[in-house]
Amino acid sequence: MFFAAGKGDINTIIGGIAPNWGPFGSLGREARVMIEVIMAVAILLCLAIAIWGAAKQRIGATALRDTFSAEQGKGLIVAGLTGVFIIGSLGTLFTIVYGMAV
């Protein structure tokens, strides 16, 4: 009987999703941790912006009947979620671009 998955475990799947740091592979462990911390803080900041935008949209649309505030809220939601996506995919993008250059 032939199985498509062959040998491996969950680490094989997770390892395939996680970037291998591409051009930053030669960095020391401390530098990698610092980059990860900076990216995590940036993602939390973007999520906070999106939550602030959602609150601003909700308050502006219902309680205050302020359409300008509601539109600002929509913009903040889009900006925050876009930032989360971009920051979350930076490692993968760097790895792809570095792999194409090599």
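**Notes on a four-helix model**

1. Let's start with one residue: Gly-60 sits in helix H2. Keep in mind as you look at it that this is a predicted model. Gly-60 has a relative accessible area of 0%, so it is buried. Now find Ala-70 as well: Gly-60 and Ala-70 are 10 residues apart in sequence, yet their C-alpha atoms are 4.8 Å apart in space. Ala-70 belongs to H3, and it is one of the buried residues there.

2. Now zoom out. How many helices and strands does the protein chain have? There are four helices and zero strands. Read from the N terminus, the order of elements is simply α-α-α-α. Of the 102 residues in the protein chain, buried ones make up 14%.

3. Before going further, check how far you can trust the picture. Mean pLDDT for the protein chain is 75, with 68% of the residues at 70 or more. Which helix has the lowest confidence, and which the highest? Helix H1 (residues 10–17) is lowest, with a mean of 52, while H3 is highest, at 87. Where pLDDT is low, the predicted coordinates should not be read in detail. Go easy on H1, then, whose mean is that 52.

4. Helix H3 is a nice one for a quick sanity check. It covers residues 67–88, which is 22 residues, and at 1.5 Å a residue they should span 32 Å. The C-alpha atoms at its two ends are 32 Å apart, so the model agrees with the expectation.

5. H3 also has two sides worth comparing. The buried residues in H3 are Ser-69, Ala-70, Gly-73, Leu-76, Gly-80, Gly-83 and Ile-87. Why do they count as being on the same side of H3? Because they cover an arc of only 150° around the axis. Turn to the other side of H3 and you meet Thr-67, Phe-68, Val-78 and Phe-85, which are exposed.

6. Stay with H3 for its charged pair. Lys-74 and Glu-71 join their side chains in a salt bridge, at 3.4 Å from N to O. The total count is one salt bridge. The two residues are three apart in helix H3, so about one helical turn separates Lys-74 from Glu-71. Are these partners buried or exposed? Something in between: Lys-74 has 39% relative accessibility, so it counts as partly exposed, and Glu-71, at 48%, is partly exposed too.

7. Last stop, the surface. Val-33, Val-37 and Val-41 make up a nonpolar patch there, with about 220 Å² of accessible area together. Val-41 lies in helix H2, which runs over residues 29–63. Exposed means over 50% relative accessible area. Val-41 comes in at 51%, so it counts as exposed. Compare that with Gly-60, also placed in H2, which is buried at 0%.

Terms used:
Residues numbered from 1 in each chain as written. Predicted model: local features only at pLDDT ≥ 70, side-chain atom pairs only at ≥ 80, totals over all residues. Heavy atoms only, no water. Expected span 1.5 Å × (residues − 1). Buried < 20%, exposed > 50% of the residue type's maximum accessible area, 1.4 Å probe, protein only. Arc of directions from axis to C-beta. Patch = residues over 30% accessible without salt bridge, like charges linked within 9 Å, V, L, I, M, F, W, Y side chains within 5 Å. Areas by Shrake-Rupley, 256 points an atom, 1.4 Å probe, with all protein chains shown as cover. Salt bridge = Lys/Arg side-chain N within 4 Å of Asp/Glu carboxyl O. pLDDT = per-residue confidence, 0-100.
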